[in-house]
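The exercises below are meant to be worked through with the sequence and the model side by side. Each one sets a task and then gives a solution in steps.

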Amino acid sequence: MDVDGDAVHDTLSKAEKAVMAAAVNMILIRCQLQRTEGRMRAAIRARRKKTLQSIHVDEEGSGAICDAVLQVCYAMGCGVFTRATPRWWMKRRTGGGWEDLPQCDDATEDYFKDKLRMSPRVFREIAETLSPFLKRRVTFYREPLQPDLIVAFALYKWASGEMYESGTCSFGIGRKSGLVAVRDVTSALLSEYSDKISWPTGLQKAVVLHAFADKGFPNCHGCIDCTHIFIDKPANCPGEDYYDRKRRFSVQAQVVVDLNLRVLDVFVGYPGSCDDVRIVHLSSLWAHAEAGELFTGPPVMLSFGVRTNGYLLGDNGYPPSEWVVVPYGGVSQHPSEIRFDNKQKTARGAVERAFRRLKGM
């Protein structure tokens, strides 16, 4: 800017002229882009309108399209089409250890016995029997768990004793699904196999009595003992009640078996701090025995003029009674007492073997 007397002359420098030219160019380019975009939108609208006007669908065609849409929706509802998980909060399932169980190779038999404590044939029989109780309803979220997978997880949980977090990860399912699976399989087993745990009758009873008679115990019906089933500490319950002598939380299970390790009676549920005497007094077995309803067969005359309708073999943790035969025990024993205790211990070992098999020891 030059000042000459009263006259003032404004002029732009070269830098100011360059900035002004750049701004004008940007405005022109922006206007050109907007004009081009408007023309493109107008062309697209015109093409779309022309396409819609060229399509003619009659009433029959419209009805066919509606029927096709309904059929597709029905097929999706029935689970014909595999659907991806449509909700972000739903965990995608992976195969996990379940993918290894259906494999057919030389190691299948041993793998099943190691993971589920049974052969593939027995597992398939149980899964087929329980399938009607475990079928899941198809929804629009994802494919439901199959009955054989539900049975396999419950058996694996019982056989391994793993926590639900690790067990469900092995089978690629959620913790809630694992809890529901164990509950449903338990209910199905009790409904379908309610007659599997029962006292023998008829020919089977005669076989059991004959087996014990060969061991030197005529008219004996089984062996009785208790074992601890380890559990997590129950919620809202005093922990000291379930704390057993092995310093773990458990519940007591009273079991009666025969020489073939077949379970004849089970009484389970009381805290692990209870001893064997209290458990047997609280059980229904004691009530039936005291009422004379447990052994109803013809009486048999034993040595030394002892008359009995039947009895069980137990250890020294049980009080001697008319229906529970326990060892003599003690430090200084007569040779006949030693022989009796050895025979009684040998025959009573069936219940210990049953516990070891159930716990996979």
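**Exercise 1. A pair in helix H1**

Task: The model is predicted; find which residue forms a salt bridge with Arg41, and state where both residues lie.

Solution: Begin with the side chain of Arg41, which forms a salt bridge with Glu37, the closest N and O atoms being 2.8 Å apart. This pair counts as a salt bridge because a side-chain nitrogen of Arg has to be within 4 Å of a carboxyl oxygen of Glu. Next, place the two residues: both Arg41 and Glu37 belong to helix H1, which covers residues 14–54, and they are four residues apart, about one turn of the helix. Finally, look at accessibility, where Arg41 is partly exposed with a relative accessible area of 49%, and Glu37 is partly exposed at 39%.

**Exercise 2. The other salt bridges**

Task: State how many salt bridges the count comes to, and describe those outside the pair already treated.

Solution: The count comes to three salt bridges. One of them joins the side chains of Arg121 and Glu125, with an N to O distance of 3.8 Å. Arg121 and Glu125 are both in helix H4 (residues 120–134), four residues apart, about one turn of the helix. Arg121 counts as exposed at 54% relative accessibility, because exposed means over 50%, whereas Glu125 is partly exposed at 43%. Another salt bridge is formed by the side chains of Arg183 and Asp184, at 3.3 Å from N to O. Of this pair, Asp184 is buried, since its relative accessible area is 19% and the limit for a buried residue is under 20%.

**Exercise 3. Helix H5 and its partners**

Task: Describe how H5 packs against H4, and then how H5 packs against H6.

Solution: Start with H4 and helix H5 (residues 147–160), whose axes come within 8 Å and cross at roughly 115 degrees. This crossing of H4 and H5 is right-handed. Residues of H4 that make the contact include Phe123, Ile126 and Leu130, and those of H5 include Pro147, Ile150, Val151 and Leu155. Then turn to helix H6 (residues 164–171), which packs with H5 at an angle of about 140 degrees, the axes being 11 Å apart. The crossing of H5 and H6 is right-handed. Here Leu149, Ala152, Phe153, Tyr156 and Lys157 of H5 meet Tyr164, Gly167, Thr168, Ser170 and Phe171 of H6.

**Exercise 4. Two loops**

Task: Locate Arg117 and Asn219, and say what the sign of phi is in each of them.

Solution: As background, most residues other than glycine have a negative phi. Arg117, which is in the loop between H3 and H4, has a positive phi of about 65 degrees although it is not a glycine. Asn219, in the loop between helix H8 (202–214) and strand E3 (220–230), likewise has a positive phi of about 65 degrees without being a glycine. As for accessibility, Arg117 is partly exposed at 35%, but Asn219 counts as buried at 10%. The loop between helix H3 (108–116) and H4 also holds Ser119, which is buried with a relative accessible area of 14%. Leaving aside residues up to four places away in sequence, Ser119 touches Glu109, Phe112 and Lys113.

**Exercise 5. A surface patch and a distant pair**

Task: Name the residues of the nonpolar surface patch, and then state how far apart Leu358 and Ala159 are in sequence and in space.

Solution: The nonpolar patch is made by Ile197, Ile229, Val266 and Val268, and its area is about 310 Å². Val266, in strand E5 (residues 263–271), is partly exposed at 38%, and it can therefore belong to a patch, where over 30% relative accessible area is required. Leu358 is in helix H12 (residues 335–358) and is exposed, with a relative accessible area of 57%. Leu358 and Ala159 are 199 residues apart in sequence, and their C-alpha atoms are 8.0 Å apart in space.

**Exercise 6. The whole chain**

Task: Summarise the chain by its helices and strands, its buried share and its contacts.

Solution: The protein chain has 12 helices and nine strands, and 30% of its 361 residues count as buried. About 24,400 Å² of the chain is exposed, with carbon and sulfur atoms supplying 56% of that area. Among contacts between residues at least 6 apart in sequence, 57% join residues at least 24 apart.

Notes: Residues numbered from 1 in each chain as written. Predicted model: local features only at pLDDT ≥ 70, side-chain atom pairs only at ≥ 80, totals over all residues. Heavy atoms only, no water. Patch = residues over 30% accessible without salt bridge, like charges linked within 9 Å, V, L, I, M, F, W, Y side chains within 5 Å. Areas by Shrake-Rupley, 256 points an atom, 1.4 Å probe, with all protein chains shown as cover. Buried < 20%, exposed > 50% of the residue type's maximum accessible area, 1.4 Å probe, protein only. Axes fitted to C-alpha atoms, helices over the stretch in contact; angles between N-to-C directions. Left-handed = near helix turned anticlockwise from the far one by under 90°. Contact = heavy atoms within 4.5 Å.
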